[in-house]
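Subject: Structure for you, with notes on one strand and one pocket

Hello,

The structure is below, and my notes follow it.

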Amino acid sequence: MSPFRWSRLGVIAVIVLVLVLVLRTCGASRELASLDSGEKIDAELTLQAVTLEQPDEAGNLLWRLEAESVNYTPDNQRAELLNLDGEFFQAGEVIYTVTADEGEVQQNGETLYLRGSLVATAKEGDLTLEGEKLKWQPKQDLLVMGAFEGGDFELVDEEALVENDAAAVDEGAASRAAVRSVDDLLAATETTAKKWEVANAEQIVAEQASAENVPVKGFNPQFEAIAQTISVSNKKNQVSLQGGVLAKSKETPWLTFESDSLSWFTQREVIEANNPLKVEQYAGEDYAALTDRMVGAVGKAQLDQSIVSLSQSVRLDALTQPLTVVSESAVWDVTAETVALDNPVDIEQPEQKITASANQATLDLAEDLVVLTGEVRAVGEKNDARLAADRVQWQTSSQDVEATGNVLYEQAADPEISMAGSQAVGNLERGTVVVTGGESGDVVTEFVPTDF
């Protein structure tokens, strides 16, 4: 293939036009002289097996595309390409390789549009993007795939592009308004894994019917995601996902993530969400058995350490117990199977009809153990039993408890009991609690007879 600079295509068209005029003058001067002054000469240029290159002001390449054919129109300085392979550059280095069915070069090479069976692969980080539409603006360090203005290759000026992109963002925000709270995510009956399967099925149908709203897929060896739009800043190592984001880990622990927008920092292996985020854990790589779910209004996950931090209206459902935990913040160490809650917390075990609250709590999901500290209150509905203490260790599978510090146990069932001391052990479900007075040995016990 013969390489051509983008800026030279106009010169080529002029040369072709000159040759046409010379040939017509030499071969038929009379006919040329009698041509109507309003007749126009077609100056479009089609080239086969061409390589196009675009340098910046310093001569460094911004992109290189090899196409099966290129059609150039000088009137609007637009080149249309078929069946292409290419490379995107930054600071003189290749940062992406791409393949596509079609492409278009606009704005003197400052914007590329590609579409149809698109694959873009980053040279670092093993990131691969697959979709139907792509926009590359090298000077803005912006690669966008999916739903965006200009994806149908309309010719627009740079000002219009900026306005259209802003409108697209506004439109995306409006579409995301339907998912604004934790309750919205919890209201969905399908798990994220099921939605992922549906998304893949819908993607196949959409590809067969239309390329308008085909989700974009981004993945590396550890993580993969689907969204309506994916934008990448190579300098920041940031992948921004917008619109119906579904993501999952490709290695243990088996986690899924659902949100309407996520930022994925590939180098730091971090995802962040400034809107409701749902994280689910599954027992195996088939994503069939859901074990735990946590949702919050804002979230962050350290993927390499499997640590999820959520805040604002956080809810955890430990489905194997089952146990529901509500607080304003939570840090879930998925590998260690622990959850730390540093804000006031409410816990409910609906099957046993037991509730508890405290200023702070830690959960050991593997051992079915909850440790509550600070103004602890626990209620067992079966015996109308109430336990208050400074610290309570609660075995949620057996309902055994150990309480320390300012212990008060009350039971309204027959017989009515009220006991106070410094320590207590017992079982909340059965209503059998023994209170002791610690070092002093003092225990206050009050029995209320049935016929009193």
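Ala 225 has Ala 247 as its bridge partner in strand 12. Strand 10 and strand 12 (residues 238-249) run antiparallel and are joined by four bridges; strands pair if DSSP finds at least two bridges between them. Strands here are DSSP runs (E, at least two residues), numbered from the N terminus.

This is a predicted model: local features need pLDDT of at least 70 and side-chain atom pairs count only at pLDDT 80 or more, while totals for chains, interfaces and linings use all residues. Residues are numbered from 1 along each chain as its sequence is written, and side-chain values use heavy atoms, without hydrogens and water.

Ala 225 of strand 10 is also the bridge partner of Gly 218. Strand 9 (residues 216-219) runs antiparallel to strand 10, with four bridges, and a hairpin of three residues connects the two.

Five of the five residues of strand 10 (residues 223-227) are buried (under 20% relative accessible area, 1.4 Å probe, protein chains only), so the strand is largely enclosed by the rest of the structure. Phe 223, Ala 225 and Ala 227 point one way, and Glu 224 and Ile 226 the other.

The second largest pocket (1 Å grid over the protein atoms alone, 1.4 Å probe; an open set of points with protein on both sides within 12 Å along at least five of seven lines) is lined by 22 residues, those with an atom within 4 Å of a point. Glu 124, Gly 125, Asn 234, Asn 237 and Thr 266 lie nearest its centre. Strand 5 gives the most to this lining, with four residues.

Regards

How values were computed:
Buried < 20%, exposed > 50% of the residue type's maximum accessible area, 1.4 Å probe, protein only.
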